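Hi everyone, thanks for making time for this. Please have the structure open on your screen while I talk, and stop me whenever something is unclear.

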Amino acid sequence: MKSGHLSICLLSLALASVIFLSGCRKIVDKGHTNMAIVDKALYDKTSRFYVNFRAYPQDMKALPIGIFDSGTGGLTVAEKIISLDHFDNITGSDLNNDEILDFAGESFIYLADQANMPYGNYDMEGKSEYLRELAVKDAIFLLGDRYYKNAYEAEPSGIKPRVKILVIACNTATAYGLKTIESMLEQSGSPVKVIGVINAGVKATLDQLNINEDTDPMAIGVLATPGTISSGAYERTINEELAKRKVKESKIAVVSQSGYGFAEAVDCEHDYVNPDLLEARMNYRGPGIGTNDEDIKLDMLKAYNFDYSGNNMLVEKDKNGNFLAFQLNNASNYARFNLVSLVERHRQSGISSPIRAIILGCTHYPFQLETLKQTIEELREYREPDGNFPYKNLLADTITFIDPAVYTAIECYQTLRNDGNLAYRINEQKIEAYISVPSSTLSDDVLTPEGHLTYEFKYGREPGTEDVSTKQVPFSHTNIDANNMERVKTLLPYSYALIAPTMK
């Protein structure tokens, strides 16, 4: 072939390629260093985790909003999104309400990665990379179009829509997975965006406290899972936001408390609470008597003011009255223990600035908001035997509890509106809710008697494999704790009204 003809053929081939690819999503490789799971999602068509971003719908308005959490606690975020009435639906202005839901006509997909919770323990067990992988897998599920109809399916046969935005409703998943998911989406060339609860919560806290250059010294408390606290994400984000406002870090003390067992108790995880028990047990993983950070201090029992009624505490003593076992057995007692520990930690720091706000840095914690408020009032009046009030001056006259969920909902609306991706439909809202369950292929020795993953198996897994130890299946009465759904019914009526009719 002559060189001129060859050039024309090559040019024609190049033009044809451009025309062909112009209608496809382009995967952009910008030299990122990826986790194996991200490479699988972007490039490995043989992987079960591959996401065909090129097949993503061009018009995303009609797609659902995707929300994921390590359990059902993220429904507190879903509730705020579903029920949000903060904007003028026509102009988008900040109206506070126009009696029309801001997400009217929208659909939602919710994923509770219940089988793999608590996320907060992975870093503590040296498995932070596996935790990051779990967060990415949650995103991959929402970005994909398949689900398992049950735990026995070898491959997912259910068909679901992809999502137009990702909302990470889990603080720990935000701390460890947000940047990786952002990178994956950027490399994919997809217009899908991801938002997390931490940034929204911090900005809201500083806004509500009206923090500026002239602000008097104060303290902000953070209650979160051990994983979120160990990541330093809240303190880092607070300091970044303070710098933007030209506020000296020294003016704002941040006191953090790892919520040992708190989220798990809210989700009725039997390693932490079991309402069927009447006496202490060997497989309890919650706080016990001791002197370490995560322990219950005997000299503070009066301050904790635990509820000993019924079987809310499982206590065992020897004949001399010495404790053999001391186990929390309801979510309210976990809330008390962790909040009192937070305030005591502030006292021990020697910083005299009063706590003016407490960020509920886990989506499960708002379920116990009334207990937390009551505990604060009790601490104000708590008096030691010598007549001293150890906490009174460390608590501001008004303490604001910050639930990042509502501010995440606002950011979700603004992001979708700015991108032109709101549905603007008059249909009723609807939700598809999924939960992870152990795969039927697992052997009995890695399962508890209740059918959950054993602690050792859960936190012994390694990232980077094609193994499927859990599967995402629809919510049902067999995989959602009845007490949990009753709490959702009482506290999250919008979410319950959409989810309950879909459960079998």
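Let me begin with a term we will need: a crossing of two helices is left-handed if the near helix is turned anticlockwise from the far one by less than a right angle, and right-handed if it is turned clockwise. Please also keep in mind that this is a predicted model.

With that term in hand, look at helix H11, residues 331–349, and helix H12, residues 369–380. Their crossing is right-handed. The two axes are 9 Å apart, and the packing angle is about 45 degrees. H11 and H12 are therefore oblique to each other. Who makes the contact? From H11 come Ser332, Ala335, Arg336, Leu339, Val340 and Val343, and from H12 come Thr371, Leu372, Gln374, Thr375, Ile376, Glu378 and Leu379. Sorted by class, the contact of H11 with H12 holds seven nonpolar, four polar and two charged residues.

Just follow the chain out of H11 for a moment. Serine 353 sits in the loop between H11 and strand E11, residues 355–361. Is serine 353 buried or exposed? Its relative accessibility is 14%, so serine 353 counts as buried. If we leave aside neighbours within four places in sequence, serine 353 touches Pro217, Met218, Ala219 and His346.

Now to the sheet. As general background, strands of a sheet pair through backbone hydrogen bonds, either parallel or antiparallel. Here six strands make an open sheet with mixed pairing, and the order is E6-E5-E1-E2-E13-E14. Strand E6, at 193–196, and strand E14, at 470–474, are the edges; each has a single partner strand, so one side of each has no neighbour in the sheet. On average, neighbouring strands of this sheet are turned by 20 degrees against each other, ignoring direction.

Let's zoom in on E1, which covers residues 65–69. Five of the five residues of E1 are buried, so this strand is largely enclosed by the rest of the structure. Ile65, Ile67 and Asp69 point one way from E1, while Gly66 and Phe68 point the other way. E1 runs parallel to E2, and five bridges join them. Across from isoleucine 67 you will find tyrosine 110 in E2.

Step over to the other side of E2. How many bridges join E2 to E13? There are six, between residues 107–112 of E2 and residues 430–438 of E13, and these strands run parallel. Phenylalanine 108 stands opposite isoleucine 431 in E13.

Helices pack on this sheet too. Helix H3, residues 75–83, lies across E1, E2, E5 and E13, and runs at about 170 degrees to E2. Helix H4, residues 128–143, touches E1, E2, E5, E13 and E14, and its direction makes about 150 degrees with that of E1.

H4 has a helix partner as well. Helix H2, residues 36–43, packs with H4 at an angle of about 20 degrees, with the axes 9 Å apart. That makes H2 roughly parallel to H4, since angles under 35 degrees count that way. H2 passes H4 in a right-handed crossing. The contact brings together Ile37, Val38 and Ala41 of H2 with Glu133, Val136, Lys137 and Ile140 of H4. By class, the contact of H2 with H4 has five nonpolar, no polar and two charged residues.

Another helix pair is H5, residues 171–188, and H6, residues 197–208. These two pack at about 115 degrees, with their axes 8 Å apart. H5 and H6 are therefore roughly perpendicular to each other. In the contact, Asn171, Thr174, Ala175 and Leu178 of H5 meet Val197, Ile198 and Asn199 of H6. The contact of H5 with H6 divides into four nonpolar, three polar and no charged residues.

Two last stops, both outside the helices and strands we have visited. Alanine 154 lies in the loop between strand E3, at 146–147, and strand E4, at 158–159. With a relative accessible area of 63%, alanine 154 is exposed. Leaving aside neighbours within four places in sequence, alanine 154 contacts Tyr148 and Lys471. Alanine 154 and serine 439 are 285 residues apart along the chain, and their C-alpha atoms are separated by 9.2 Å.

Threonine 502, in the segment after helix H16, counts as partly exposed at 40% relative accessibility. Threonine 502 and glutamate 235 are 267 residues apart in sequence, and their C-alpha atoms are 40 Å apart in space. Thanks for listening!

Note on methods:
Residues are numbered from 1 along each chain as its sequence is written. This is a predicted model: local features need pLDDT of at least 70, side-chain atom pairs count only at pLDDT 80 or more; totals for chains, interfaces and linings use all residues. Side-chain values use heavy atoms; hydrogens and water are left out. Two strands pair if DSSP finds at least two bridges between them. Helices (H or I, at least four residues) and strands (E, at least two) are DSSP runs, numbered from the N terminus. Axes are lines fitted to C-alpha atoms, for helices over the stretch in contact, and angles run from 0 to 180 degrees between N-to-C directions. Contact means heavy atoms within 4.5 Å. Angles under 35 degrees count as roughly parallel, over 145 as roughly antiparallel, 65 to 115 as roughly perpendicular and the rest as oblique. Ala, Val, Leu, Ile, Met, Phe, Trp, Tyr, Cys and Pro count as nonpolar, Asp, Glu, Lys and Arg as charged, and the others, Gly among them, as polar. Buried means under 20% relative accessible area, exposed over 50%, partly exposed in between (1.4 Å probe, protein chains only).
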